[in-house]
Amino acid sequence: MTDRPEDPSRRGHSRRRFLTAAAASGAALTGGSALAGNPKNLPPNVPEWTRVLGDGVATRPYGKPSRHEAHVIRRDVQWLTASRESSVSFTPLHELDGIITPNGLCFERHHGGIAEIEPEDYRLIVHGLVDKPLIFTLADLKRFPRVNRIHFLECAANSGMEWRGAQLNGCQYTHGMVHCVEYTGVPLRVLLAEAGVKASAKWLLAEGADSAAMTRSIPLGKALDDCLVAYRMNGEMLRPEQGYPARLVVPGWEGNVWVKWLRRLKLGDEPWFAREETSKYTDLMESGKARQFTFVMDAKSVITSPSPQAPLRQKGFTVISGLAWSGRGRIARVDVSVDGGRNWREARIDGQRLDKACVRFYAETDWSGAELLLQSRAIDETGYVQPTKTELRKVRGVNSIYHNNGIQTWLVKPDGEVENVEVS
Amino acid sequence: MSKCRSSILILRSARSARLEGWPRARSAPPPFETPPSAAPQGEARGWLWPLLVVLTLFMLFEIAHATERKLDIGRVATPQEIAGWDIDVRPDGQGLPPGAGAVKAGEAVYMAKCAACHGEFGESAGRWPQVAGGAGSLKSDDPVKTVGSYFAHLSTVFDYVRHAMPFGDAQSLTNDELYAVVAYMLFLNDIVDEKFVLSKETFGKVKMPNAGGFYDDDRETAEKSFWNPKPCMTNCKPDATITGRARVIDVTPDDKGKRKSVD
């Protein structure tokens, strides 16, 4: 395949300089497969790393990615928010494959910074309309029967900056408020049953222990269906920025309800209309009225490569790759278009196709160097078809901020560079 | 699915608990063993097997049922423990603490602890949320969502300030300061006059301007057209032309220089 895509932000990086130089001399696209490198390391020479012993075991007690992958990081958009404590960072989707997001790359959204909780001092209180209010330690949570579930988590504001038109160049920024992780935790229904839910209870309030003490109201039906109180992600304990030591997992629903640093669950007979379900995370329509409790994330997809941060470097055989997900269940099919949605063909979904989880799709093509208008369209098992941005704006206007799942278009230019565009 | 799994788990734990001589969980059923009425192994008659299967299924069901009821994990939370964290307030006033605060007292709290970010008149300083004004803007191209223009319930602002404000010094206000600063924000939004005192008693009398401004999620009916059994595959529209480009706006973080607000 082509060489590793470059991150345009890495000024001063040697390969970047090489590419810039190559582009300047009119050779951005290479004909062969070998792009650059140090001839001393190339055959027939014996490279440096073969002649010397490397680091032994335990020099890296917690393994990190290769130093050559140091640019594969979460990034933020500083002008978006007033402070970094109440802000968001984005998953570098263009650098990832498969469906599982590595823990250190899962996007972050905090409302009051990262709470650093002492595990010994962690407590979860379950109270309200229950037979017996209970308090649990972390050790208690780990004693419960547990399950493992792979689910996507998407912020309702993912793609929110694109309502009024193409704005950010890179799927990290346009779609990077999503990740997909295997959670280990206690089914919420088991935890609630321990306290005994009263018949009059209809809603559940979940509250975080962070400086925002964020709260959301969740209908009891969902709480008793597939929610978890999770303490592990991808096998290891939750990262602090993902809610260590315990968070709520609310499969298929907007990320804001997946309360991190979970400290309290209160059962009640009505929703609470907390700030995050009134002032925020409500969808303002053209009429001036707003939809509330829009929990479910509609089916959505994005081509992660090529994309503005992952341009094409070679003509010929090319793998178009992307992610799709739906809050309503499994992804049934993903279609890909190279002509801006005029004609479609079914992409190949590779790997697991799980309920309310990301799927990875591929569409192989021979790229002649002609301009492409790349799109992907997700269809879920309920028959929901990801709409175009035009269709979406027709029913929602452009003021709703949240739940923008419109079809993304990438313009691939003859030089292989990719731009975020909108089409007729 | 998880019901089955947890029943197996309980089955095992009940067994090992018995082996190790621990007391069995209160409502945990007896560990699975051959019923006393069954014939010794190897001598079971044909009619006994269906009975065994039925008995086993019945016990598994009972175990699963028990799992969802009591495992005796955790302990009872004391009223004192709950009181310290139970700070939510509902639209009907449930959860309001004792106390009261006047607009005038609230002005002092607001100027000292809120104005630096939210502006002296609630107009916002920089990118921090605007908390006053914006009346009549929700249908415009630039909707301004504030306590006055957008919040449907008074409890929402009270509950939020109680949980999370002042930013960086959360849960530091006294109840009286809390009532007062919320009263002042209502005053900034022309919802109450300068003599107003907010308390448990006056809470229910405040009318929020955008109280009728919300409706429950109706996507499955309003956006029914997005469910399409046969989405178009070929010649779906005329040739696509480019109508907008991100590069024109140029606000991607790696592009130094321009910094534009979007929402």
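A residue is taken as buried if 20 or more other C-beta atoms lie within 10 Å of its own. By that yardstick, in this predicted model, strand 9 of chain A (residues 215-219) is mostly covered, with 4 of its 5 residues buried. Its partner is strand 8 of chain A (residues 203-208): the two run antiparallel and are joined by 5 bridges. One of the pairings puts A:Leu205 opposite A:Ser217 of strand 9 of chain A, its bridge partner. The hairpin that these strands of chain A form has 6 residues between the strands, and there A:Ala213 takes a positive phi near 35 degrees.

Over in chain B, a pair of helices packs crosswise. The axes of helix 4 (residues 103-113) and helix 7 (residues 175-188) of chain B come within 7 Å and cross at roughly 95 degrees, so helix 4 of chain B counts as roughly perpendicular to helix 7 of chain B. On the helix 4 side, the contact involves B:Val103, B:Ala105, B:Gly106, B:Glu107, B:Val109 and B:Tyr110. Helix 7 of chain B meets them with B:Glu177, B:Ala180, B:Val181, B:Ala183, B:Tyr184 and B:Phe187. Sorted by class, this contact has 9 nonpolar, 1 polar and 2 charged residues.

Further along chain B, B:Pro229 sits in the loop between helix 9 (219-222) and strand 5 (242-245). B:Pro229 counts as exposed because it has just 7 C-beta neighbours inside 10 Å, and the cut-off for exposed is 12 or fewer. B:Asp250 is 21 residues away from B:Pro229 along the chain, and 38 Å separates their C-alpha atoms.

Conventions: Residues numbered from 1 in each chain as written. Chains lettered and ligands numbered in written order. Predicted model: local features only at pLDDT ≥ 70, side-chain atom pairs only at ≥ 80, totals over all residues. Pairing = 2+ DSSP bridges. Axes fitted to C-alpha atoms, helices over the stretch in contact; angles between N-to-C directions. Parallel < 35°, antiparallel > 145°, perpendicular 65-115°, else oblique. Contact = placed C-beta atoms within 7 Å. Nonpolar A, V, L, I, M, F, W, Y, C, P; charged D, E, K, R; others polar.
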